[in-house]
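Welcome to the tour! Please open your viewer and get ready to select a few residues and helices along the way.

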Amino acid sequence: MSRGNSTSSSLTPTDDALIAAIRSGDERALSHLYRLHWPMVSHFVLQNSGSEDDAQDVYQEGVVVFYEKVRDGSLELSCQIKTYLYAVCRRLWLKRLTSKSRFGVRLLDDEEHGPYLNTGAEDDLLAAEEQDRRFSTMSEALNHLGEPCRSLLEGFYLLDKSMQDLTTEFGYTNADNAKNQKYKCLVRLKKLFFTHYKEEPI
């Protein structure tokens with residue numbers, strides 16, 4: 001299936017409509033999706049040593065993963081939405097339980113929502129976690145970068161300021177000097193990023 005094509009023969013008309021509405025920015029579709037599959041995830045978490053608050057946290061995170069994949073066009077769905085969400089939330093809850101227990105964790109699954117494996121949800125969730133980790137590491141690297149490099153890079157890459165604006169703001173004699181300084185700052189940032197990124201446990 002080609003990247004960005006979210007439909008398949010396993011999807012229901014309701015699934016197709018929800019995906020199309022979410023992609024178009026209809027917030028009502030997201031609210032409907034949330035209400036539609038909440039009981040399924042709530043039941044799963046509650047029967048696996050979780051609380052109602054735990055279920056809400058896991059479900060919200062799972063819905064966000066699904067929503068972002070739909071919006072950026074990278075969702076490759078080979079199952080129904082409820083099966084995909086079940087797989088994502090199952091993975092999230094297993095990860096939480098494993099982090100709290102010194103022993104192995106065995107989950108009780110609802111057969112009607114399986115098979116929860118081979119849905120692509122595992123890969124999507126891992127990709128989302130990896131992206132969050134990269135953003136977190138980049139933010140930490142920026143914090144360690146110091147001034148004026150931090151403000152210079154944020155001004156150019158995040159605030160879309162021109163080199164001429166930055167030249168004036170930071171008091172450089174000309175735009176070429178500002179560009180040279182930006183390049184040096186970028187090299188330092190990359191070194192900091194990869195140092196922190198490699199040190200973090202996977």
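Is the disulfide of Cys 149 and Cys 185 left-handed or right-handed? Keep in mind that you are looking at a predicted model. Select Cys 149 and Cys 185 and show their side chains: the torsion about the S-S bond is about -70°, so this disulfide is left-handed.

**Stop 1: the disulfide**

Stay with this pair for a moment. The structure holds 1 disulfide, and you have it on screen: the sulfur atoms of Cys 149 and Cys 185 are 2.0 Å apart. Now colour two helices, H6 (residues 149-158) and H8 (residues 175-199). Cys 149 lies in H6 and Cys 185 in H8, so the pair ties together parts that are 36 residues apart in sequence. Turn on a surface, too: Cys 149 is buried, and Cys 185 is buried as well.

While the surface is on, try two other cysteines. Cys 79 has a relative accessible area of 9%, and Cys 89 has one of 1%. Buried means under 20%, so Cys 79 and Cys 89 are both buried.

**Stop 2: along H6**

Next, select Cys 149, Leu 152, Leu 153 and Gly 155, which are buried in H6. Where do they sit around the helix? Look down the axis of H6: its buried residues fall within an arc of 160°, so they line one face of the helix. Then step past the helix to Asp 160, which follows H6 and has a positive phi, near 60°.

**Stop 3: H6 against H7**

Add helix H7 (residues 163-170) to your view. Two packed helices are described by the angle between their axes and the distance between the axes. For H6 and H7, the angle is about 155° and the axes are 10 Å apart. The two are therefore roughly antiparallel to each other, and their crossing is right-handed. To see who meets whom, show Ser 151, Leu 152, Gly 155 and Phe 156 in H6 together with Met 163, Leu 166 and Phe 170 in H7.

**Stop 4: H2 against H3**

Finally, move to helix H2 (residues 27-46) and helix H3 (residues 52-71). How do they pack? Their angle is about 135°, with the axes 9 Å apart, and H2 and H3 are therefore oblique to each other. This crossing is right-handed. The residues making the contact include Leu 30, Tyr 34, Trp 38 and Val 45 of H2, and Ala 55, Tyr 59, Val 63 and Phe 66 of H3.

Definitions and conventions
Residues numbered from 1 in each chain as written. Predicted model: local features only at pLDDT ≥ 70, side-chain atom pairs only at ≥ 80, totals over all residues. Heavy atoms only, no water. Disulfide = S-S within 2.5 Å. Helix = DSSP H or I, 4+ residues; strand = E, 2+ residues; numbered from the N terminus. Buried < 20%, exposed > 50% of the residue type's maximum accessible area, 1.4 Å probe, protein only. Arc of directions from axis to C-beta. Axes fitted to C-alpha atoms, helices over the stretch in contact; angles between N-to-C directions. Parallel < 35°, antiparallel > 145°, perpendicular 65-115°, else oblique. Left-handed = near helix turned anticlockwise from the far one by under 90°. Contact = heavy atoms within 4.5 Å.
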